[in-house]
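Trainee: I would like to learn how to read burial, contacts and bonds from a set of coordinates. Where do we start?

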Amino acid sequence: QVQLVESGGGLVQAGGSLRLSCAASGNIFRLDVMGWYRQAPGKQRELVARISRGGSTNYADSVKGRFTISRDNAKNTVYLQMNGLKPEDTAVYYCNADIFSSSLTVRVYWGQGTQVTVSS
């Protein structure tokens, strides 16, 4: 069994910062790509940022220059540093990871989500 547990969401004023964390635990042979997605009310879930095991990153255009994704492979943890937050960043943020439970078996896992609310 594998779990992704997120933390760090909350309420912040526009221009403020938050740092999200997501720790993976359980039957993990290897963590591959990890990422953050978000879903605002009435909208589809969208990619925010993702990072490969080697550290290559890509970001949604809307967050480039403001958000930074990073990971600690020793701790099976991915982070999202969010600076310059805007009201339009308000959403539930979900952690996502491709996890190998063996050398041949990989599955996509999701966290339970953490609310980020940015007030104007």
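Mentor: Start with burial: a residue counts as buried under 20% relative accessible area, as exposed over 50%, and as partly exposed in between. Keep in mind that this is a predicted model.

Trainee: Take Thr77, then. Is Thr77 buried or exposed?

Mentor: Thr77 has a relative accessibility of 8%, so it counts as buried. The residue belongs to strand β8. A polar atom of its side chain lies 2.8 Å from the backbone oxygen of Lys75. Beyond its neighbours within four places in sequence, Thr77 is in contact with Cys22, Ala23, Ser70, Arg71 and Asp72.

Trainee: Which class does Ser119 fall into?

Mentor: Ser119 is at 26% relative accessibility and therefore counts as partly exposed. Ser119 is part of strand β11. Its contacts, again without the neighbours within four places in sequence, are Leu11, Val12, Gln13 and Ala14. For a distance across the fold, take Pro41: its C-alpha atom and that of Ser119 are separated by 15 Å, with the two positions 78 residues apart along the chain.

Trainee: How should I read the nonpolar core? Which residues touch the most other members?

Mentor: A core of this kind is a set of buried nonpolar residues joined through their side chains. The largest one here has 30 residues, and Trp36, Leu80, Met82 and Tyr93 touch the most other members. At least two residues each come from β1, β3, β4, β5, β7, β8, β9 and β11. Strand β9 gives the most, with five residues.

Trainee: What is Leu80 in contact with, apart from its neighbours within four places in sequence?

Mentor: The contacts of Leu80 include Trp36 and Tyr93, both of which are also among the residues that touch the most other core members. Leu80 is further in contact with Leu18, Arg19, Leu20, Val48, Ala49, Phe67, Thr68 and Ile69.

Trainee: Now the disulfides. How many are there?

Mentor: A disulfide is a covalent bond between the sulfur atoms of two cysteines. The count here is one disulfide. It joins Cys22 to Cys95, with an S to S distance of 2.1 Å. The link is left-handed, at -80 degrees about the S-S bond. It ties together distant parts of the chain, since Cys22 is in strand β3 and Cys95 in strand β9, 73 residues apart. Cys22 is buried, with a relative accessible area of 0%, and Cys95 is likewise buried at 0%.

Trainee: And charged residues? How many salt bridges does a search of the whole structure find?

Mentor: For a salt bridge, look for a side-chain nitrogen of Lys or Arg within 4 Å of a carboxyl oxygen of Asp or Glu. The search finds five. One of them pairs Asp32 with Arg30 at 4.0 Å, N to O. Asp32 is partly exposed at 23% relative accessible area, and Arg30 is partly exposed at 34%.

Trainee: Which residue forms a salt bridge with Arg38?

Mentor: Asp89 does, with the closest N and O atoms 2.9 Å apart. The pair connects distant parts of the chain: Asp89 sits in the loop between β8 and β9, Arg38 in strand β4, 51 residues apart. Asp89 is buried, with a relative accessible area of 0%, and Arg38 is buried at 7%. Asp89 also meets Arg66 in a salt bridge of 2.7 Å, N to O. Arg66 lies in the loop between β6 and β7, 23 residues from Asp89. Arg66 and Asp89 are both buried. Arg38, Glu46, Arg66 and Asp89 are linked in a network of salt bridges.

Trainee: What about Glu6: how far away is the nearest side chain of opposite charge?

Mentor: That side chain is Arg45, 7.8 Å away; Glu6 is buried and has no salt bridge. In such a case, check for polar contacts with the backbone. Glu6, in strand β1, has a side-chain polar atom 2.6 Å from the backbone nitrogen of Cys95. Its side chain also reaches the backbone nitrogen of Gln112 at 3.1 Å. Among its contacts beyond four places in sequence are Cys22, Trp36, Tyr93 and Cys95. Of these, Cys22 and Cys95 are the two ends of the disulfide.

Key. Residues numbered from 1 in each chain as written. Predicted model: local features only at pLDDT ≥ 70, side-chain atom pairs only at ≥ 80, totals over all residues. Heavy atoms only, no water. Helix = DSSP H or I, 4+ residues; strand = E, 2+ residues; numbered from the N terminus. Buried < 20%, exposed > 50% of the residue type's maximum accessible area, 1.4 Å probe, protein only. Lys, Arg positive; Asp, Glu negative; His and termini not counted. Polar contact = N/O pair within 3.5 Å; in protein donor to acceptor, adjacent residues only side chain to side chain. Contact = heavy atoms within 4.5 Å. Core = buried A, V, L, I, M, F, W, Y, C linked by side-chain atoms within 4.5 Å. Disulfide = S-S within 2.5 Å.
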